[in-house]
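User: I've got a two-chain model open and I'd like to talk it through with you. Can we go piece by piece?

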Amino acid sequence: MRMKKFINDPKHLVEELLDGLVLAFPEKVRLAGGNIVARTVPKSSDKVRLVTLGGSGHEPGLSGFVGEGMLDCSVAGGIFAAPGAPGCIEAIRSACAGGSSALLIVLNHAGDVLSANITMEAALREGCKVKMVLTHEDISSGPNPEERRGLVGFLPVYKVAGAAAEQGASLDACLEIALRMERNMRTLAVAVRTATHPSTGQPIFELGDDEMEIGMGQHGEAGTGRGKLKTADETAEIMLNMLLDDLCVTAGEDLLVILNGAGATTLMELLILFRRVAHILKARKIRLVRSAVGEFITTQEQAGFQLLIARMDPELVKLWDAPANTPFFVKP
Amino acid sequence: MNERIGKAEIAHMFAEAAKSLRSQHERLSELDSVAGDGDHGTTMLRVAEQLEHAVDPSSSKNLQSILRDTGWSVMGVDGGASSAILGTFFAGMADAVMGEDSMDGHELAAAFEAGLRAVSRQTKAQPGDKTMMDALVPAVNALRLADSASKTIPDAVEEAASAARSGAGSTKDLVARYGRSKFLGEKTRGYPDPGATSIALLFSGFSAALATERKS
């Protein structure tokens with residue numbers, strides 16, 4: 001099947017999409033070098049800066065969350081490919097300029113982690129005050145946290161650590177908040193239809209017309225198993241139960257639920273799915289204290305979704321509720 | 001017979017490596033589409049571009065700076081793990097002790113070993129995991145062995161290239177255990193790893209650059 005996308009020269013996808021982002025939200029974000037998206041109005045230098053890095057083609061992730069209350073800076077890589085260390089070092093260097101310190105938030109994917117580790121080594125050698133947190137909450141990639149991928153869980157981590165930084169928390173305090181959020185969240189993804197790689201025009205994986213795959217990663221990495229397509233209620237129930245078991249959630253606990261569309265799953269479907277999630281939680285006497293439904297990280301026109309649950313304490317809820325003003329996540 | 005290689009030879013080695021990667025970039029993308037997102041060849045084209053511009057013969061940079069700068073410019077192509085690993089390898093070579101303008105066989109072998117050590121600091125992947133390491137580790141070992149056996153530099157580099165090619169070939173029967181493709185398990189069997197194939201192309205280019213000297 002021929003690729004049908006509104007693009008120009010595939011060589012310039014990243015450059016053009018970042019241009020579009022800063023032109024659409026000039027009061028929030030600007031380009032600081034080729035592939036670095038920074039805040040238009042930087043926060044004061046006594047506050048901790050949040051930096052992230054990751055491949056492109058997943059919009060609005062990750063650069064769409066640069067702005068007040070969340071990220072200070074995002075380094076965008078190629079399509080589905082990590083940015084190289086030189087750009088990341090540049091970003092950390094400018095984040096730490098003038099005596100500031102920085103928290104680097106990285107989603108656990110091989111290329112991203114490689115660039116991040118090279119960056120940390122060089123930045124620390126230069127004397128930058130920087131710490132790193134890795135998000136790895138995808139329960140389909142095995143029981144070992146080191147093996148688990150980072151999916152939409154970056155969103156609550158950016159949000160709570162960003163709010164803490166905005167309120168003047170120290171680097172160690174921001175790191176503690178980020179780690180607390182990270183340890184208390186779990187995500188599971190499902191795919192029902194493949195996406196086209198916008199550079200090559202080829203599908204990134206094959207999936208039968210009547211199939212779905214629970215546990216598939218952001219790039220079509222195989223999951224725990226393929227099966228026949230199920231209804232929204234059945235799918236939500238299977239996935240939610242797996243997540244609740246993995247996080248060992250018991251009655252009376254407070255949860256944040258995020259339902260993230262992969263790109264081609266409609267908001268109608270997401271809402272129908274969410275309904276079932278909320279019903280099950282109620283039946284199990286688990287409190288749904290906060291929620292978000294929408295597209296936060298996508299894979300082109302892949303159909304499917306990611307379901308995230310996170311155990312919340314009063315401080316995390318407060319930080320989740322704090323103001324944010326980024327291109328694709330706003331809290332008044 | 002040349003006992004040392006200088007900037008001119010390094011430039012030639014990088015240029016031939018770039019040519020070798022360019023000639024196979026479509027196949028690299030094809031291999032990558034089995035287990036990855038099918039863009040490995042495109043990444044390697046961008047790496048090739050960096051290698052072609054790596055050495056400016058008129059510049060006064062010493063060998064170490066040339067290797068370090070080449071490494072960082074390769075890391076800068078934003079091509080995910082493959083360009084990060086390759087860039088780390090070249091930048092790591094600069095950590096070895098070597099002459100200002102030229103290296104002998106021992107220094108070349110030591111530089112390749114330093115490159116491999118730098119890569120090993122960044123990845124836990126081992127030969128057998130179906131990654132670049134399946135070609136890189138045997139290539140560096142072969143170069144060291146050939147140097148210990150007092151082979152000439154061109155012969156030693158050809159032995160490294162040959163080891164890289166058989167290492168890359170051996171990945172065909174392996175199942176990916178590292179990186180993004182590990183999640184595909186059995187589906188990756190039957191196809192050589194694109195990263196390891198790139199390493200073999202790189203070393204074949206190095207060897208081709210020195211081939212004229214081997215014949216003479």
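User: In what order do the elements of chain B run from the N terminus on?
Analyst: This is a predicted model, so keep that in mind throughout. Chain B has nine helices and two strands. Read from the N terminus on, the elements come out as β-α-α-α-α-α-β-α-α-α-α.

User: What is the radius of gyration of chain B, and how does it sit against the globule rule?
Analyst: The C-alpha atoms of chain B fill a box of roughly 45 × 35 × 30 Å along the principal axes. For 216 residues the globule rule gives 17 Å, and chain B comes close to that, so it is as compact as a globular protein of that length. The radius of gyration of chain B is 16 Å.

User: What share of chain B counts as buried?
Analyst: Confidence first: the mean pLDDT of chain B is 91, and 96% of its residues reach 70 or more. Among contacts in chain B between residues at least 6 apart in sequence, 68% join residues at least 24 apart. As for the 216 residues of chain B, the buried share is 63%.

User: How far does helix 3 of chain B reach from its first C-alpha to its last?
Analyst: Helix 3 of chain B covers residues 40–52, which is 13 residues. Its buried residues include His40(B), Met44(B), Val47(B) and Leu51(B). At 1.5 Å a residue you'd expect 18 Å, and the end-to-end reach is close to that, at 18 Å.

User: Which residue of chain B has a positive phi of about 65° although it is not a glycine?
Analyst: Look in the loop between helix 6 (105–122) and helix 7 (133–148) of chain B. The residue there has 28 other C-beta atoms within 10 Å, and 20 or more is enough to call a residue buried. It's Lys130(B).

User: Over to chain A. Why does it count as being as compact as a globular protein of that length?
Analyst: The secondary structure of chain A comes to eight helices and 14 strands. Its C-alpha atoms fill a box of roughly 55 × 50 × 35 Å along the principal axes. The globule rule gives 20 Å for 332 residues, and chain A is close to it, so it earns that label with a radius of gyration of 19 Å.

User: How far apart are the C-alpha centres of the two domains of chain A?
Analyst: Chain A is divided into domain 1 (10–183 + 322–331) and domain 2 (185–311). The C-alpha centres of domain 1 of chain A and domain 2 of chain A are separated by 23 Å.

User: And how many residues does each domain of chain A put into their contact?
Analyst: On the domain 1 side, helix 4 (154–166) and helix 5 (171–183) of chain A each supply at least two residues. By class, that side has eleven nonpolar, five polar and five charged residues. The contact takes 21 residues from domain 1 of chain A and, from domain 2 of chain A, 30 residues.

User: Which element of chain A gives the most to the side that touches chain B?
Analyst: The contact takes 30 residues from chain A and 27 residues from chain B. Strand 4 (73–79), helix 2 (85–95) and helix 3 (110–125) of chain A each supply at least two residues of the chain A side. That side divides into twelve nonpolar, 17 polar and one charged. With six residues, the element giving the most is helix 3 of chain A.

User: Does the span of that helix agree with or depart from what its 16 residues should give?
Analyst: At 1.5 Å a residue, helix 3 of chain A should span 22 Å. Its end C-alpha atoms are 23 Å apart, so the verdict is that it agrees.

User: Is Phe80(A) buried or exposed?
Analyst: Phe80(A) is found in the loop between strand 4 and helix 2 of chain A. It takes a positive phi of about 55° although it is not a glycine. It has 28 C-beta neighbours inside 10 Å, so Phe80(A) counts as buried.

User: Where is the cis peptide bond with omega near 10°?
Analyst: Check the loop between strand 3 (49–56) and strand 4 of chain A, where Pro60(A) is found. Leu62(A) is found in that loop too, and a cis peptide bond with omega about -5° joins Gly61(A) and Leu62(A). The bond with omega near 10° runs from Glu59(A) to Pro60(A).

Note on methods
Residues numbered from 1 in each chain as written. Chains lettered and ligands numbered in written order. Predicted model: local features only at pLDDT ≥ 70, side-chain atom pairs only at ≥ 80, totals over all residues. Contact = placed C-beta atoms within 7 Å. Helix = DSSP H or I, 4+ residues; strand = E, 2+ residues; numbered from the N terminus. Nonpolar A, V, L, I, M, F, W, Y, C, P; charged D, E, K, R; others polar. Domains from an automatic or database assignment. Expected span 1.5 Å × (residues − 1). Buried ≥ 20, exposed ≤ 12 C-beta atoms within 10 Å, placed from the backbone. pLDDT = per-residue confidence, 0-100. Rg over C-alpha atoms; globule rule 2.2 N^0.38 Å.
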